[in-house]
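Please open the structure in a viewer and keep the sequence panel visible beside it. The tour below proceeds by selection, and each stop states what is to be found there.

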Amino acid sequence: ARLAYSAEQISVPVCSSLQVPALQLHVSKTAMRASQKDFESALSQVKLLKDPGNEVKLKLYALYKQATEGPCNTPKPGVFDLINKAKWDAWNALGSLPKETARQNYVDLVSGLSSSSDSSSQVKPEADRKQPGYETLVVTSEDSITKIMMNRPAKKNAMTTQMYNEIMLALKAASKDDSAITVLTGNGDYYSSGNDLSNFTDIPPEGIEEKAKSGAILLRDFVDCFIDFPKPLIAVVNGPAVGISVTILGLFDTVYASNRATFHTPFSHLGQSPEGCSSYTFPKIMGPAKAAEMLIFGKKLTAAEACAQGLVTEVFPDSTFQKEVWTRLKAYSKLPPNAMRISKQVIRNREKEKLHAINAEESRVLQERWLSDECTNAVMNFLTRKAKL
Ligand SMILES: CCCCCCCCCC/C=C/CC(=O)SCCNC(=O)CCNC(=O)[C@H](O)C(C)(C)COP(=O)(O)OP(=O)(O)OC[C@H]1O[C@@H](n2cnc3c(N)ncnc32)[C@H](O)[C@@H]1OP(=O)(O)O
């Protein structure tokens, strides 16, 4: 869509009749000074740009009005005249900004939009789009989607304490960025093998009790981030999933799985107990009998079984998984973001308090389990390679 579109072509209703006045081309005499040529060229350039979104169009509108008419000089529209009020607010927010500055800002804004739309036509390699600062994840934002990819493929994306902390950071950043949806996925053949069992090995001088205490705090904080995440959260389960990577799926809004994925929570085998609010979400999703088979007896589900039981939204053949899922997600990411966020809140908010309480209780119980002989022996068996799932 170009900026010179008709009202019907704009997707966000609040600004649906927002005509960028730059297109009207009635430049006042005051604006006809030194940078008049640049300004006029920006006015023409703006018509050729890809739709920059309503927020930017409001900025362009405000700068144009300020550059050509000076400070806002019209009465404030009524509260129900949403479109004109948004335009008036944007213009009025510029206060007494001089016309020349507004004209320059308009030129700069259009020039920035032109260069970013030039570069967005080329697909940058993932390495260039990667957000810095993460060692166990690859985090990228593109097409209004923030993708958080667990990136320890040689260890089946087992979650170290560093990875828990980085996922929390990435979720907090994603909740504030301008993406519409957020995705968690895994690099390599596994989605994740769950808690990295070597988390049990670096015991501090204060002893195992302290380790269990700090582990329970970490777990609680980690799960809280999923409970509170405000935007649609999608799991793209590219392969087998184990332990905590399965239990938190009950806190996602959508779960897409490859037909190679399996879902396994071997808590009893490990002398442990359910977390990620699964003691509440799983019985709710699949009924208490099926939840017990998974959470107490460690029954491993195929992707098709997990879908039949409501844990997974849809299963795709592995050969077309990535293509089909990302095509779908790109389409969803174009839906109005505020509406999606509000719908999620309406669906989830009434359970939040309960989920936080359940998370606290599960973490408390697990803290005790980590100190049990059953747990210690199971972890030692894995680490000394006597046992595998
Ligand atoms: C006091 C404690 C405080 C802890 C603080 C933590 C806070 C949060 C805790 C939340 C609790 C969560 C509970 C769970 O998630 S339970 C699930 C735990 N996961 C497992 O038990 C899986 C163990 N792994 C396996 O059984 C197998 O590796 C596998 C996943 C079936 C894959 O087998 P496969 O033969 O294909 O591959 P390998 O075994 O050769 O694996 C390749 C290498 O990756 C290492 N690996 C894999 N998974 C883990 C893991 N979960 N923890 C540590 N290491 C893992 C494996 O050892 C190989 O490494 P190597 O090449 O160096 O030998």
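**The whole chain**

Begin with the entire chain, which is a predicted model. Colour the chain by pLDDT: the average is 88, and 87% of the residues score at least 70. Then select residues 1-31, where the pLDDT is below 50. Beyond near neighbours in sequence, this stretch nevertheless has 57 contacts in the model. For the complex, the predictor gives an ipTM of 0.99 and a pTM of 0.75.

Switch next to a cartoon display, in which 14 helices and 9 strands can be traced. Of the 389 residues of the chain, 36% count as buried. Among contacts in the chain with a separation of 6 or more, 77% are made by residues 24 or more positions apart.

**Strand β4 and its partners**

Select residues 233-237, which form strand β4. Is this strand largely enclosed or left open by the rest of the structure? Strand β4 is largely enclosed, because 5 of its 5 residues are buried. Side chains in a regular strand alternate between the two faces of the sheet. In β4 both faces are covered: Leu233, Ala235 and Val237 are buried on one side, and Ile234 and Val236 are buried on the other.

Add residues 181-186, strand β3, to the selection; β3 runs parallel to β4 and is joined to it by 4 bridges. To locate one contact point of this pairing, display Thr182, whose bridge partner in β4 is Leu233. Now include residues 208-228, helix α7: β3, α7 and β4 make a right-handed β-α-β unit.

Turn to residues 254-258, strand β6, which pairs with β4 in the parallel sense over 4 bridges. Here Ile234 of β4 has Thr254 of β6 as its bridge partner.

**A single residue: Ala235**

Centre the view on Ala235, which lies in strand β4. Why does Ala235 count as buried? Ala235 has 26 other C-beta atoms within 10 Å, and 20 or more suffice for a residue to be called buried. Show the surroundings of Ala235: leaving aside neighbours within four places in sequence, it is in contact with Leu184, Leu249, Phe252 and Val255. For a distance across the model, pick the C-alpha atoms of Ala235 and Asn157, which are separated by 14 Å and belong to residues 78 apart along the chain.

**The ligand**

Select the ligand and display the 26 residues around it. Which of them come nearest? They are Ser193, Gly194, Asn195, Gly215 and Gly243. Highlight α7 once more, as this helix supplies the largest share of the shell around the ligand, 5 residues. Coloured by class, the shell shows 12 nonpolar, 8 polar and 6 charged residues.

**The sheet β5-β7-β8**

Finish with a three-stranded open sheet, whose order is β5-β7-β8 and whose pairing is mixed. Select 241-242 for β5 and 301-302 for β8: these strands stand at the edges, each with a single partner strand, so one side of each is left without a neighbour in the sheet. Strands of a sheet pair through backbone hydrogen bonds, either parallel or antiparallel. Add residues 262-264, strand β7, which pairs with β5 in the parallel sense over 2 bridges. As a last stop, display Ala241 together with Phe263, its bridge partner in β7.

Note on methods:
Residues numbered from 1 in each chain as written. Predicted model: local features only at pLDDT ≥ 70, side-chain atom pairs only at ≥ 80, totals over all residues. Pairing = 2+ DSSP bridges. Buried ≥ 20, exposed ≤ 12 C-beta atoms within 10 Å, placed from the backbone. Right-handed = clockwise from strand over helix to strand, strands pointing away. Near = placed C-beta within 6 Å. Nonpolar A, V, L, I, M, F, W, Y, C, P; charged D, E, K, R; others polar. pLDDT = per-residue confidence, 0-100. Contact = placed C-beta atoms within 7 Å.
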